[in-house]
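Me: I should like to understand how the terms used for a protein structure are justified. Please set each value against its definition.

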Amino acid sequence: MENSEKTEVLEINIPKRKKDKRKLYYRTLPYLFIPLLVVITIISTHSNKLIIVPINYVVYILLSLFIYLYLIGFLLIKRKKDNKKIKKFNFKTFFLTIFLSLYIIGCSSFVFLLYGPYKNFREWLISTAMATMEHQYLCEWFYSEKEIAKVLNSNYIVEVNEETNTDLIDMKIEETYANKYEEQILKRDKNDKYKIINLEVNGQKAYLAAIYDPSKVKVGVTSALGKYGQYATKMAEDNNAILATNGGGFFDPGNRSTGGMPTSVTISNGKIITDNTYSSYTQSGGLIGITNDNKLVLIKNPTGKKALSMNVRDGVSWGPFLIVNGKKSFIKGNGGWGYAARTAIGQRSDGIILLLVVDSNATRTKGADMVDLTEIMYNYGAINAANLDGGTSSVMVLPKKEAANYNSTCRGKYCYINDPIDSTLAHKTRGIATTIIVTE
């Protein structure tokens with residue numbers, strides 16, 4: 001009888017090696033927080049408006065701590081590398097690496113845009129934000145008063161120091177064309193009350209309306225004066241307009257885009273609507289008025305009484321004045337207003353009123369500056385011209401039937417043919433206090 005031996009196999013449960021949680025602290029956290037803290041530190045060295053002084057010291061301490069953690073982690077990883085075997089591809093590690101790389105690149109790009117050697121973005125941000133009371137904080141967060149002043153001193157406008165000479169407007173429309181701009185304005189059907197010329201400004205769409213009878217150009221005012229503004233489409237409908245644009249500036253307490261109080265002097269149909277000291281900006285300009293003999297006048301330091309004494313029947317307040325008596329304002333840089341959606345008004349010597357609206361892009365970094373507006377108005381023969389309210393307010397409105405040829409957005413019986421963009425980057429306009437309307 002053979003002896004059988006039984007072999008007993010012992011199963012040994014080897015506990016899985018726990019992941020070293022220190023890797024999270026030594027490797028991931030520093031990559032997350034160091035770029036952010038560096039950005040905050042750099043911002044704080046330029047301005048204390050966003051990062052106030054006590055927080056600076058907390059940021060410095062945290063930055064030092066995470067740099068220390070990073071160095072510890074670097075040494076630990078280096079020590080382990082000699083005994084490490086080649087590991088299989090790890091998707092989790094791969095995607096984390098991609099995320100952290102994009103995150104670091106994003107932080108670096110942000111700082112580079114704000115403080116890098118190329119000044120275009122910096123000049124755009126400061127001049128655009130400082131042009132209104134609503135968005136000045138956007139540059140005060142990132143730049144000191146000295147840096148802001150330096151940019152503004154390189155971008156400004158000096159208006160022509162003259163009163164409007166209405167004798168230069170003779171109301172005689174010529175039949176000959178001196179240049180291509182004259183031809184675009186004057187070549188029309190005799191029954192046309194207006195003509196819209198499609199333009200492009202810095203890659204953005206623009207619309208120049210030539211109004212052949214200046215007696216039809218008037219000022220529309222919100223029916224909720226002092227409470228809230230109305231859409232330009234509503235004011236156009238209330239006035240049975242054949243065309244309308246936004247008008248002058250308005251007081252907007254709390255920056256809620258619901259301001260219904262026009263700034264300074266507003267006159268409609270020979271009646272003083274407002275005569276106040278409210279203003280959303282501190283730069284040049286004044287009253288942009290149309291007299292009873294249908295001539296555009298630009299009045300500095302206006303009052304309601306002064307406007308009526310100068311025979312003004314309709315007018316809004318804003319600026320700056322771009323052209324006075326055929327002379328262009330001196331503009332350095334972008335004029336201190338940056339690039340944005342714009343609206344402007346002008347008049348030729350033959351009496352034709354020009355209304356210009358320029359769109360901006362989705363990120364509100366393009367559009368027209370004061371140089372663009374001045375050149376367009378000058379090229380098309382304006383001898384007096386001024387900037388109207390811009391940004392989200394900039395709209396050109398037509399009745400629905402006439403707007404059919406445009407990629408328009410309608411509200412009721414009227415549509416705006418351009419593409420306004422509001423502060424949330426939505427493609428829509430806002431309520432405003434005044435409009436420039438063209439009646440039947």
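The questions and replies below take up the terms one at a time.

Me: What should be known about the model beforehand?

Reply: The model is predicted; local features need pLDDT of at least 70 and side-chain atom pairs count only at pLDDT 80 or more, while totals for chains, interfaces and linings use all residues. Residues are numbered from 1 along each chain as its sequence is written, and side-chain values use heavy atoms, with hydrogens and water left out.

Me: What makes Cys 410 and Cys 415 a disulfide?

Reply: A disulfide is a pair of cysteine sulfur atoms within 2.5 Å. The S to S distance between Cys 410 and Cys 415 is 2.0 Å, so the pair meets the definition. A search of the whole structure finds one disulfide. In general, a disulfide is a covalent bond between the sulfur atoms of two cysteines.

Me: Why is the disulfide of Cys 410 and Cys 415 called right-handed or left-handed?

Reply: The torsion about its S-S bond is about 85 degrees, so the disulfide of Cys 410 and Cys 415 is right-handed.

Me: How do you know whether Cys 410 and Cys 415 are buried or exposed?

Reply: Buried means under 20% relative accessible area, exposed means over 50%, and partly exposed lies in between (1.4 Å probe, protein chains only). Cys 410 has 37% and therefore counts as partly exposed. Cys 415 has 0% and is therefore buried. Two further cysteines can be judged in this way: Cys 107, at 12%, counts as buried, and Cys 139, at 0%, counts as buried.

Me: Why is helix α4 called mostly covered?

Reply: Helices (H or I, at least four residues) and strands (E, at least two) are DSSP runs, numbered from the N terminus. Helix α4 covers residues 120–130, and eight of its 11 residues are buried. Among them are Trp 124, Leu 125 and Ile 126. The cover over the buried residues of α4 includes α3 (91–115), α5 (137–140) and α6 (145–152), where contact means heavy atoms within 4.5 Å.

Me: How do you know that strand β5 pairs with other strands?

Reply: Two strands pair if DSSP finds at least two bridges between them. Five bridges join β5 to strand β22 (residues 434–439), so these antiparallel strands pair. Within this pairing, Ala 244 stands opposite Ile 437. Strand β19 (residues 396–399) has two bridges to β5, also antiparallel, and therefore meets the definition as well.

Me: What is known of Thr 245 in strand β5?

Reply: The bridge partner of Thr 245 in β19 is Met 396. Thr 245 has a relative accessible area of 0% and is therefore buried. Not counting residues up to four places away in sequence, Thr 245 touches several residues, including Thr 343, Leu 355 and Val 357. In β5 (residues 241–246), six of six residues are buried.

Me: What makes β2 and β14 edge strands of their sheet?

Reply: The open sheet has seven strands in the order β2-β3-β17-β16-β18-β13-β14, with antiparallel pairing. β2 (194–201) and β14 (327–328) each have a single partner strand, so one side of each is left without a neighbour in the sheet. Inside this order, six bridges join β16 (residues 342–348) to β17 (residues 353–358), and Gln 347 stands opposite Ile 353.
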